[in-house]
Amino acid sequence: MKILFVVNNYYATGNGLSASARRTVEYLKKAGQDVRVLSGPNHNQDGPQPDYLLEDYKFPLVDFLITGNGYHFAQSNLPLMEEAAKWADVIHLEEPFVIQDRMIKICERLGKPITGTYHLHPENITMAYGPALRWKGLNRRILRSWRDLTFNHCSYVQCPTQNVQDRLRRYHFTSQLLHISNGIIPDKCIRPLTPPEDYLDPSRPFKVVCIGRLSVEKDQYTLLEAMKYSKYAKRIQLQFAGTGLKEDDIKKKAHKLYEDGIVGYDPQFFFLDRDGLRELAANSDMCIHCAFIEVEGLSIMEAIQQAAMPIIAEGPVTGTSQFVVSRKNLFPAKNPEALAHRIDYWLNRPQERWESGFAHAARLDKFSMEKTIRRLTEMFEKAIEQNKGK
């Protein structure tokens with residue numbers, strides 16, 4: 001099959017959508033598929049560029065907010081987009097934005113089948129622009145426009161979590177909605193099967209890790225606030241891995257916890273490569289995921305792969321709770337007291353905590369890239385076959 005991926009910036013870093021697209025394309029190619037990408041440029045000049053290169057689009061006044069959240073938009077180039085569409089057997093849309101809408105018009109004129117992936121919620125966008133744009137009515141209008149302008153033109157839409165599939169059904173999407181995880185790359189778990197010698201040492205710090213972009217919706221603030229309610233706060237070493245628009249504010253609030261004597265160790269901040277994140281997770285006592293807006297959550301998946309026992313926020317617009325083995329690993333989103341209760345529960349049970357980490361790691365097999373690629377390939381084949389009958 002000739003599969004064309006359409007994405008605003010395939011090479012953006014610190015962006016889960018782009019990272020997912022790169023993984024999917026890589027593994028589709030490994031499975032023998034012919035895949036090309038239509039996208040804006042790779043801003044690393046020494047790196048590869050997309051097969052069909054679009055120019056960047058800069059938004060007046062607010063471009064710094066967009067790029068600060070790890071995102072970039074591309075400008076339409078209709079002749080180039082038509083050339084790309086003519087090459088492909090099926091066109092796959094990674095977003096519901098302008099270049100995708102332009103590509104839909106080209107595909108419908110050429111009679112090409114279209115599929116898509118639902119990668120982000122309207123709230124992922126509006127949350128970055130302040131309280132005035134957090135109105136539920138605005139988010140509902142945005143989702144309906146995405147439905148009508150983009151996703152209802154797709155024969156199939158990949159929903160990475162059950163939470164996403166349920167939400168799109170409530171909004172009466174007419175395309176076929178398939179629950180297919182974005183998948184996780186197979187990676188060796190480097191955490192030893194047995195705890196280290198100092199595991200039960202009452203003097204050692206508890207390493208509580210939080211991995212992900214430092215932003216409002218990822219909600220590292222709830223973890224910081226939870227320290228005020230945890231009986232183990234004096235022994236907790238908070239470790240944050242990520243960067244983002246709220247980095248300075250989160251660092252300031254985290255350090256104040258230490259200055260005020262609430263936590264016994266000054267919180268640490270890192271920006272790590274894949275190997276560094278693997279080691280950080282493998283050496284942790286637990287990994288916290290507080291995001292209240294999340295389609296799937298690659299960062300927590302990768303931490304769980306290293307048998308880092310998770311505690312995950314549960315809410316109406318986050319699907320990450322699908323990864324837990326027990327409800328004891330969940331807490332209501334944006335509730336620091338409930339999170340503190342969960343943290344204390346697990347820190348008070350070292351053996352059960354260690355075993356739970358490995359139980360969660362074993363559960364990830366159902367979200368493997370191998371399974372994802374097999375199901376996506378079936379989706380593309382069905383879209384092509386159905387299009388032949390039109």
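Two strands count as paired when DSSP finds at least two bridges between them. Keep that in mind as you walk through this predicted model.

**Stop one: β13 and β14**

Select residues 286-289, which form strand β13, and then residues 310-314, which form β14. The two strands run parallel and are joined by three bridges. Which residues face each other here? Cys287 of β13 sits opposite Pro310 in β14, and Ile288 is opposite Ile311.

Now show the side chains of β13. Met286 and Ile288 point to one side, while Cys287 and His289 point to the other. That is a pattern to look for elsewhere too: in a regular strand, side chains alternate between the two faces of the sheet. Are these four residues of β13 buried or exposed? Met286, Cys287, Ile288 and His289 are all buried.

**Stop two: the link between the strands**

Add residues 298-305, helix α11, to your selection. Together, β13, α11 and β14 make a β-α-β unit, and this unit is right-handed.

**Stop three: the other neighbour of β13**

Next, select residues 206-211, strand β10. This strand pairs with β13 in the parallel sense, over two bridges. To find the contact, pick Val208, whose bridge partner in β13 is Met286.

**Stop four: the whole sheet**

Zoom out to see where these strands belong. They are part of an open sheet of six strands, in the order β12-β11-β10-β13-β14-β15, with parallel pairing. At the edges you will find β12 (268-270) and β15 (330-332). Each of these has a single partner strand, so one side of each has no neighbour in the sheet. Turn the view to follow the twist, which averages 25° from one strand to the next.

**Stop five: the cysteines**

Finish by colouring the cysteine sulfurs. How many disulfides does a search of the whole structure find? The search finds zero. Start with Cys154: its closest cysteine sulfur belongs to Cys107 and lies 9.3 Å away, too far for a bond. Cys154 counts as buried because its relative accessibility is 4%, and the cut-off for buried is under 20%.

Then move to Cys210, which is in no disulfide either. The nearest cysteine sulfur to that of Cys210 is in Cys290, 5.4 Å away, whereas a disulfide needs the two sulfur atoms within 2.5 Å. Cys210 also counts as buried, at 5% relative accessibility.

Methods. Residues are numbered from 1 along each chain as its sequence is written. This is a predicted model: local features need pLDDT of at least 70, side-chain atom pairs count only at pLDDT 80 or more; totals for chains, interfaces and linings use all residues. Side-chain values use heavy atoms; hydrogens and water are left out. Buried means under 20% relative accessible area, exposed over 50%, partly exposed in between (1.4 Å probe, protein chains only). Axes are lines fitted to C-alpha atoms, for helices over the stretch in contact, and angles run from 0 to 180 degrees between N-to-C directions. A crossover is right-handed if, with the strands pointing away from the viewer, the path from the first strand over the helix to the second runs clockwise.
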